[in-house]
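Let's take a look at this one together. Have the sequence and the 3D view handy, and check each point as you read.

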Amino acid sequence: MVIVVGWLVRKTINVAPWVEQRPMEVASGDGALSLLPVQVGLGVFLAVATSLFALLISAYHMRMMEADWATLALPRVLWLNTALLILASVAMQWTRGAARWGPMDNVRKGLIAAGVFTFAFLAGQLWAWQQLNATGHFELSNPAYAFFILLTTLHGIHLLGGLLVWARTTARAMRGVELAKVRLSVELCTLYWHYLLLVWAVLFAVLLHTHR
Amino acid sequence: MVLAIALVLLVVGSVLFHYLSPWYFTPIASNWGHIDDTVTLTFWVTGFVFVVVNLFMAWCVMRYRHGKVKAAHYEPENKKLEGWLIGLTTMGVAAMLAPGLVAWAKFLDVPKDAAVFEVVGRQWYFNYRFPGADGVLGTVDARFITDTNPFGINPDDPKGKDDILIASPELHLPMGKPVKAELRSIDVLHDFTVPQFRAKMNMVPGLVTYVWYTPTRAGTYDVFCEQLCGIAHYAMRGKVIVEEESAFNAWLGSYPTFAQTLAQVAGDAAAGEPLYAVCGACHGAQAEGNPALNAPKLSGQGDWYLKRQLLHFKSGARGTHEKDVFGKMMAPMAATLADDTAINNVVAYIKTLPDKPAPATVKGNAKNGHDSFENCGACHGADGRGIQAMNAPRLKGMSDWYLITQLNNFKHGIRGAHKKDIYGPQMASMAAMLTDDRVTADLVAYINTIQ
Amino acid sequence: MTYVAHDESAFVPPFEVEEPELYHPKTFIGKYIWSQDAKVIAVQYSITAIAVGLVALVLSGIMRLQLGFPHVFSFITPSTYLQYVTMHGMIMVIYLLTALFLGGFGNYLIPLMVGARDMVFPYVNMVSYWVYLFAVLLLMASFFVPGGPTGAGWTLYPPQAILDGTPGASWGIILMLVSLAFFIIGFTMGGLNYVVTVLQARTRGMTMMRLPLTIWGIFMATILALLAFPALFVSAIMMTLDQALGTSFFMPALVSKGQQLAYNGGSPILFQHLFWFFGHPEVYIVALPAFGIVSDLISVNARKNIFGYRMMVWAILAIGGLSFMVWAHHMYVSGMNPYFGFFFATTTLIIAVPTALKVYNWVLTLWRGDIHLTVPMLFAIGFIFTFINGGLTGLFLGNVPVDIPLSGTMFVVAHFHMVMAVSPILVVFGAIYHWYPKVTGRMLNDTMGKFHFWVTFLGTYAIYYPMHYLGFLGVPRRYYAMGNTVFIPESAQTLNEAITIAALIVGAVQVVFIYNLFWSYFNGKPSGPNPWRATTLEWQTPETPPKHGNFGPTLPAVYRWAYDYSVPGATEDFIPQNQPPGKWAKGLEDKPDASELGPLDSTSGIPKPLTGHS
């Protein structure tokens, strides 16, 4: 919010709006950001998602203060999952380069690699649930467990949403469209994957910090 | 023009209303004069702004209306004017905020010598606990709550044994002494509000909150719950009686300690059997009830409830209203039970009698009654089985004609209005929702259908 | 995931933004049902919101009947009363006001006022409406499930919201929470559109500081909503889990009706923090669009630029920023750490400064103006009066010790109805009278409009002003009946009766308004393109009502701010935003009209003449 207001103040200070000007005379940069609407749209959506996860983390901290908090032994597989998500992000980044310079074949490879790693990550998360379940932590009345499920689920749903766009992009890439036709989608996906990696890193850090 | 006049009239009317209307703060009965002072100050500041800005607007509307002026003045902004206005507003705000924060600091600073007591909020009544001889309240937890330990006091904590339990929504406080109320809820959010004390605070399950005051004026004051707590929120009431310390001590002494409440012995059914002979004459040998004699069914009713009603009849809390024809007949009967032991015994005997559902006699539309029963079920249980923790007796399978009589009695203040009947007013508030006899009949018809 | 992938990768500078490809529907259904035209979506949003608002209005009438004449109506029982209270509050705040201001006015006005063809993501915009409609239907469905809708109060505080003893604690609350979650998802789709359209789709020359305040208000409110709604979303999900799966996010160990429940350790205060982190910005989500719209209504009808436009913009920014720092002033007596009170009382009273500045500037716009008392202007001035009252009582409740005796009483009810119910609704009415001609091409009937204004304005004041004093007296809110008390005088009941009668009259008169909407659609005076002689772009469209695409073959170029009224030396007392420089002065009237100008020549900045267009 501070950033938003700060940016808007910068845009609005030192302007005397009642002075008429031709459009050409208007200082450039006051107008739109030098981005496409979808890029800005994704940015705004990421702000919304950030608000969501930040609130969840603060709720988590507040709930932790209560007396009944029982720490949770985090399944080891989460480390593997983290590595998988990093790989997915790296693959996306690599695809982004390929989408810029070609060839198309690399884009396809990169997309598929990123998708495989992402699905592997999601499967790993399910496995982590399974492990918790097996160690007898499957008690929703334990808030640490409930929070773990809630946080991983919401993060997973965001990834699934990303995978929808990924699927569309991959399908198009497979059909063999021009490189330029998938470039933007790949760029947006890359940003989104990096963002979700960051979110996961923060979530995982919070979980680790409070469980050991 | 009309608009300008209307605005002026509204401003004048609002100010007059403020001074002339009979509705304002009740006279304060605690040390929180600071709060009232801050309110008064806020009224002056905001009132000034209200009058000046609105009158200025009314004047503008009149002075600059179309036709009276040739054209509007062109002036994009006036930094100086805006700067002044911001400055003045900031000063006004600061003038209200500063004393407010000072008052709040006082609010948080509980005097060291404040006597501690506890308010327990539960759906839908207040109970109180005083620390007893050791001056310390015993530890509590919702997990300890049972029908015999309704306060949830830790049975292993020696500090809790001498705590005095006030299982009544009526609280007495000594005058002129600072008291700190520790507030606790065992189910949902509640609030402990005494309008004349000004100070209030929510009661939160899982937390102990507090509020303090020094009662300064003797009298009887209402306690309200001011945090929505469910269907009977509006019926969650209590009373505070501020009195001299001697009277307060006498009142406090009349309540049992936690240890005493635990020590109560169960009644002896065998000893109760001969005592029941008197009752059986009207209520029937099996306590099945007898409509011809206006005697309701007793078997199957909660023993705690029968006990309470017998005590009420004995003490005059029930059966003394002039219109309570049948209650007046019961009162002398209850008087034949000499003491609490006798009452315990006879109730224990009634408990051994077989519980067969009373025959249905009331005709009504059970389907309509189902909707109203939503409100009854909140306390009496969705199946009408009665819940001791809610002070709600059993309804299903009991004499339906008797339910009708009692609902009408509650509604018309024949029952539940007596000063000593501490649970009655709540039922009276609830019964008031039954707007006519048909609604009551429908409701009871529904109760008859509950299996 | 709500973005639509485009395949253009090269960056296009804003001055040469290509015209978006609009989806051109052929069939009636494509045009009016599954429409992607922001204007149609706006009307869909508005009609749905007003319809559901009428339901809530009826509910409030029933509540007032109970308060004015207790124990007369057999269908109003304590539990149904609480259900009506809850549904009334939630519908009015979220499903009517938020949806109408942002989904309704936002959709209609943003593209038209910033000079865009449509929202930037029309398809997402359409989905947004249908998700909203689904949320509304879910909410309405709760009237028909066993146990009925939830009666937990619109704040839905746990534990009681999901415990037996509160009406609708099984089905009703779940439907409410799920409906809210859908509302938020739908809103986020719409909100992305509004923000990105304002940022990216402004026409040439429409700088941020030339935006009409209406757009500023809607823009800022949307940002607030996008950042605040996640808090409600999170708490709705967590409460749903508490209710359905037995988690203990908000549920401490407790005993309900004598039964120990399995919950343990949860924090009801945590819910309140989350709820009010959303709930307070929500006040401004409703208020900021109202502030913006009323600024424009006043400026147009006073024939004077809005006084201190820059300060108005900064005030909107300041209010938006501060609104995230004041939430706990709803929780002074909640049992939270009481030391928070110092901080939140201070921030709350600070927010009064920019708000007061806005009020001053509205009044200063009237000062030395040329005031036309049209129906929208009547509503605008009615708004200022009501808002001053409601804002000032906010200073009572914001200041922590003053709040202590007043919280939980009818004073609170009176305050927030004054400030965030009546005030915004007066603006809604004013705005509908103002923009109805653009939407339909016909004026609303003036006589009915004036009648509607006077009854609504005076009536609502008669309802809520005395209600504050019931609060001082100590009458609690959300009470089904007062019953016997030691100190509340009989006269308080008389006052309640009077308030009820006023409320019923005001409620009934809204029928006149609805009738006017229908009647004028067929019989209203044709309005022409610019009946109020206003400067902003929506009044300069080639057709009225504007066609899909809004602005004919070329988008208008903007040369000035939105408030060039009564400029000295001008022939008219208003200069449209797309009027080129110099053209408005005397002796220059023979130049071609602005709407006939072609696209600007990219090197000289001089408009190219258009051919083949009238």
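Helices here are DSSP runs of H or I with at least four residues, numbered from the N terminus. Keep in mind that this is a predicted model. With that in hand, we'll start with a surface patch on chain B and then move on to chain C.

**The nonpolar patch on chain B**

- In chain B, α1 (2–20) and α2 (33–63) each bring at least two residues to a nonpolar patch.
- Who's in it? V8(B), V12(B), V15(B), L16(B), Y19(B), L20(B), W44(B) and L55(B) make up this surface patch, and together they have about 790 Å² of accessible area.
- The largest share comes from α1(B), which supplies six residues.
- Zoom in on L16(B): you'll find this leucine in helix α1 of chain B.
- Is L16(B) buried, exposed or partly exposed? Its relative accessible area is 46%, and buried means under 20% while exposed means over 50%, so L16(B) counts as partly exposed.

**The overall build of chain C**

- Chain C contains 14 helices and four strands.
- Its radius of gyration is 25 Å, close to the 25 Å that the globule rule gives for 614 residues, so chain C is as compact as a globular protein of that length.
- Measuring along the principal axes, the C-alpha trace of chain C spans about 85 × 55 × 50 Å.

**Inside and outside chain C**

- Of the 614 residues in chain C, 72% count as buried.
- Take the contacts in chain C between residues at least 6 apart in sequence: 77% of them join residues at least 24 apart.
- On the outside, chain C has an accessible surface of about 17,800 Å², and 67% of that belongs to carbon and sulfur atoms.

Methods. Residues numbered from 1 in each chain as written. Chains lettered and ligands numbered in written order. Predicted model: local features only at pLDDT ≥ 70, side-chain atom pairs only at ≥ 80, totals over all residues. Heavy atoms only, no water. Patch = residues over 30% accessible without salt bridge, like charges linked within 9 Å, V, L, I, M, F, W, Y side chains within 5 Å. Areas by Shrake-Rupley, 256 points an atom, 1.4 Å probe, with all protein chains shown as cover. Salt bridge = Lys/Arg side-chain N within 4 Å of Asp/Glu carboxyl O. Buried < 20%, exposed > 50% of the residue type's maximum accessible area, 1.4 Å probe, protein only. Rg over C-alpha atoms; globule rule 2.2 N^0.38 Å. Contact = heavy atoms within 4.5 Å.
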